[in-house]
Amino acid sequence: MFLAAEEGDITTIIGGIAPDWGPFGSLGTEARVMIEVVMAVAILICLAIAIWGAAKQRIGATALRDTFSAEQGKGLIVAGLTGVFIIGSLGTLFTIVYGMAV
């Protein structure tokens, strides 16, 4: 029987798909942690905006019969989730652009 992951571990698998730091590869660990913290806070803020938009849409559409509030809620949901996607893919985008430049 042949096992595909017989000699590897999870870091081998994750290291193959996780982007390296590209232009930020020469940064120290403290700078990397700061960048990761800023990105995590930004993602949390975007998620909070999306949740606020969902609540605003739900309350506006049902309880208050306010269609303008419901439309604002839809916009906040889209903006929040788009922000999460963009911030989540920044590491990959930086790595691709840096790799193409080198």
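Me: In this predicted model, does Lys 74 count as buried, partly exposed or exposed, and at what relative accessibility?
Reply: Happy to start there. Buried would need a relative accessible area under 20%, and exposed would need over 50%. Lys 74 falls in between, so its class is partly exposed, at a relative accessibility of 40%.

Me: Which residue meets the side chain of Lys 74 in a salt bridge?
Reply: In general, side chains of opposite charge can pair when their charged atoms come close. Here the N to O separation is 3.4 Å, and the cut-off for a salt bridge is within 4 Å. The partner of Lys 74 is Glu 71.

Me: How many helical turns separate Lys 74 and Glu 71, and in which helix?
Reply: Both belong to helix α3, where they are three residues apart. Because of that spacing, the separation is about one helical turn, in helix α3.

Me: What is the relative accessibility of Glu 71?
Reply: Glu 71 is the salt-bridge partner of Lys 74. Glu 71 counts as partly exposed, because its relative accessibility is 47%.

Me: How many salt bridges does a search of the whole structure find?
Reply: The pair just described, Lys 74 with Glu 71, is a salt bridge. Searching the whole structure gives a total of one.

Me: Is Gly 73 buried or exposed?
Reply: Gly 73 sits in helix α3, which covers residues 67–88. Its relative accessible area is 0%, so Gly 73 is buried.

Me: Which residues does Gly 73 touch, not counting residues up to four places away in sequence?
Reply: A useful distance first: Gly 73 and Ile 49 are 24 residues apart in sequence, with their C-alpha atoms 9.4 Å apart. Helix α2 spans residues 29–63. With residues up to four places away set aside, the ones Gly 73 touches are Gly 53, Lys 56 and Gln 57.

Me: Which residues is Val 84 in contact with, leaving aside neighbours within four places in sequence?
Reply: Val 84 is another residue of helix α3, and it counts as partly exposed at 21% relative accessibility. The C-alpha atoms of Val 84 and Leu 47 are separated by 6.9 Å, although the two are 37 residues apart along the chain. Beyond its neighbours within four places, Val 84 is in contact with Ile 43, Cys 46 and Leu 47.

Me: Does Phe 85 count as buried, partly exposed or exposed?
Reply: Phe 85 also lies in helix α3. Its C-alpha atom is separated by 9.5 Å from that of Cys 46, which is 39 residues apart from it along the chain. Exposed means over 50% relative accessible area, and Phe 85 has 61% relative accessibility, so it counts as exposed.

Me: Which residues form a nonpolar patch on the surface with about 320 Å² of accessible area together?
Reply: One member sits in helix α2: Val 33. Patch members need over 30% relative accessible area, and Val 33 has 44% relative accessibility, so it counts as partly exposed. The full patch is Val 33, Val 37, Val 41 and Ile 45.

Me: How far apart do the end C-alpha atoms of residues 33–55 lie?
Reply: The unreviewed UniProt entry places the feature "transmembrane region" at residues 33–55 and 76–101. In the model, residues 33–55 are 100% helix and 0% strand. The end C-alpha atoms of that span lie apart by 33 Å.

Me: What percentage of the residues in the chain is buried?
Reply: The chain has four helices and zero strands, in the order α-α-α-α. It exposes about 7800 Å², with carbon and sulfur atoms supplying 72% of that area. Of its 102 residues, the buried portion is 14%.

Me: Which element has the highest mean pLDDT?
Reply: For the chain, the mean pLDDT is 75, and 68% of residues reach 70 or more. Helix α1, at residues 10–17, has the lowest mean among the elements, 52. The highest, 86, belongs to α3.

Methods
Residues numbered from 1 in each chain as written. Predicted model: local features only at pLDDT ≥ 70, side-chain atom pairs only at ≥ 80, totals over all residues. Heavy atoms only, no water. Helix = DSSP H or I, 4+ residues; strand = E, 2+ residues; numbered from the N terminus. Buried < 20%, exposed > 50% of the residue type's maximum accessible area, 1.4 Å probe, protein only. Areas by Shrake-Rupley, 256 points an atom, 1.4 Å probe, with all protein chains shown as cover. UniProt positions renumbered as here; feature names shortened; annotations may be inferred. Patch = residues over 30% accessible without salt bridge, like charges linked within 9 Å, V, L, I, M, F, W, Y side chains within 5 Å. Contact = heavy atoms within 4.5 Å. pLDDT = per-residue confidence, 0-100.
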